[in-house]
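Subject: Handover of a structure, with notes

Dear colleague,

I am handing over the structure below, and the notes that follow it set out what was found. Please read them with the coordinates open beside you.

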Amino acid sequence: MKNIVVLISGNGSNLQAVIDACQLNKIGGQICAVFSNNADAYGLLRATQADIPAHTISPENYADRRAYDEALKHAIDQYQPDLVVLAGYMRILTSDFVQHYLGRLLNIHPSLLPKYPGLHTHRKAIENGDTEHGTSVHFVTEELDGGPVILQAKVPIFADDLEEDIIKRVQTQEHNIYPLVINWFVEGRLSMLNGKAYLDGNSLPPQGYATE
């Protein structure tokens with residue numbers, strides 16, 4: 001069974017979706033540890049309730065990002081992960097960290113990449129008058145939110161939507177597609193080669209897998 005390590009910073013709703021999928025055998029792997037940079041992250045409680053080892057590594061205990069990521073990397077590697085999953089992890093990763101896990105490091109980002117990398121994506125979509133928004137699962141590279149996209153899900157934006165409405169709509173899709181992509185990886189169907197994502201040996205287009 002493949003080992004999965006999950007990194008979180010906050011509520012951990014995507015972590016919960018992955019925990020649930022593992023328990024229902026929708027992911028052929030196990031979450032062997034959860035790490036957070038935030039001791040107050042509710043996701044740590046979610047992990048504990050699921051009998052998953054939960055760890056906090058506090059940035060204030062380290063001189064800089066490089067030192068922090070070295071400590072995090074060392075702690076993660078104790079669990080011999082086949083896959084590292086970012087689920088609302090709010091720190092920018094150093095180059096050394098990314099290179100160490102390159103090809104086995106996934107992230108989910110709340111926009112239709114390459115649109116709106118970084119923060120406040122829902123707000124930007126509203127301010128720009130977009131009629132649709134969404135979420136993207138991608139491999140992590142050194143470019144912020146710039147790794148090859150694996151799968152996207154779109155949601156509509158209605159004229160009277162508040163930011164909270166869009167957040168809920170997007171999160172519903174996130175909870176569906178992230179476990180699916182993780183399972184593709186643990187089944188050996190998904191890989192990254194030369195900066196491109198491949199599913200079942202086929203190169204995926206820039207917006208990822210599509211079932212039109």
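A residue is called buried here when its relative accessible area is under 20%, exposed when that value is over 50%, and partly exposed in between. Please keep in mind throughout that this is a predicted model.

I begin with the aromatic residues, where the cut-off just given is needed at once. Tyr68 has a relative accessibility of 1%, and therefore counts as buried. The ring of Tyr68 pairs with that of Tyr62, the two centres being 5.7 Å apart and the planes at 85°, so the arrangement is edge-to-face. Tyr62, for its part, is partly exposed, with a relative accessible area of 31%. Tyr68 also has a charged neighbour, since the charged end of Arg91 sits over the ring of Tyr68 at 4.2 Å from its centre.

The count of aromatic pairs comes to 4. Another of them is formed by Phe35 and Tyr79, whose ring centres are 6.1 Å apart and whose planes stand at 75°, so this pair is edge-to-face. Phe35 belongs to strand β2 (residues 29-36) and Tyr79 to the loop between α3 (65-77) and β4 (83-86), so the pair ties together parts that are 44 residues apart in sequence. Of these two residues, Phe35 is buried because its relative accessibility is 3%, while Tyr79, at 23%, counts as partly exposed.

Turning to the nonpolar cores, the largest one holds 37 residues, of which Val6, Ile31, Val34, Ile150 and Ile182 touch the most other members. The element that gives the most to this core is helix α6 (residues 163-186), with 7 residues. A second core, separate from that one, has 19 residues and includes Leu7, Ile57, Leu72 and Leu105. As for Ile31, its contacts, leaving aside neighbours within four places in sequence, are Ile4, Val6, Leu15, Val18, Ile19, Cys22 and Ile52.

His138, in strand β6 (residues 132-139), is a residue you may wish to look at separately. Its relative accessibility is 2%, so His138 counts as buried. Not counting residues up to four places away in sequence, His138 touches Leu105, Leu106, Asn107, His109, Leu113, Asp145, Gly146, Gly147, Pro148, Val149 and Ile150. For one of these contacts, Leu105, the C-alpha atom is 8.7 Å from that of His138, although the two residues are 33 apart along the chain.

Another contact of His138, Leu113, takes part in a cis peptide bond with Pro114, where omega is about 10°. Pro114 lies in the loop between β5 (105-109) and α5 (121-127), and that loop between β5 and α5 also holds Tyr116. Tyr116 has a positive phi, near 55°, in a residue other than glycine, and Tyr116 is buried, because its relative accessible area is 13%. A positive phi, near 60°, is found for Asp51 as well, again in a residue other than glycine. Asp51 lies in the loop between α2 (42-49) and β3 (54-56), and with a relative accessible area of 72% Asp51 is exposed.

The last part concerns an open sheet of 3 strands in the order β8-β9-β10, with antiparallel pairing. Its edge strands are β8 (190-193) and β10 (202-203), each of which pairs on one side only. Strand β9 (residues 196-199) is joined to β8 by 4 bridges; Leu190 has Leu199 of β9 as its bridge partner, and Ser191 stands opposite Tyr198 in β9. On its other pairing, β9 meets β10 over 2 bridges, in the antiparallel sense, and the bridge partner of Leu199 in β10 is Asn202. The two faces of β9 can be told apart, Ala197 and Leu199 making up the covered face, and Lys196 and Tyr198 the uncovered one.

Each hairpin of this sheet has its own turn to note. Between β8 and β9 there are 2 residues, and in this hairpin Asn194 takes a positive phi near 50°. The hairpin of β9 and β10 also has 2 residues between the strands, and there Asp200 takes a positive phi near 55°.

With best wishes

Key: Residues numbered from 1 in each chain as written. Predicted model: local features only at pLDDT ≥ 70, side-chain atom pairs only at ≥ 80, totals over all residues. Heavy atoms only, no water. Buried < 20%, exposed > 50% of the residue type's maximum accessible area, 1.4 Å probe, protein only. Contact = heavy atoms within 4.5 Å. Pairing = 2+ DSSP bridges. Core = buried A, V, L, I, M, F, W, Y, C linked by side-chain atoms within 4.5 Å. Phe/Tyr/Trp six-rings, centres within 6.5 Å; stacked < 30°, edge-to-face > 60°. Lys NZ or Arg CZ within 6 Å of the ring centre and 35° of its normal.
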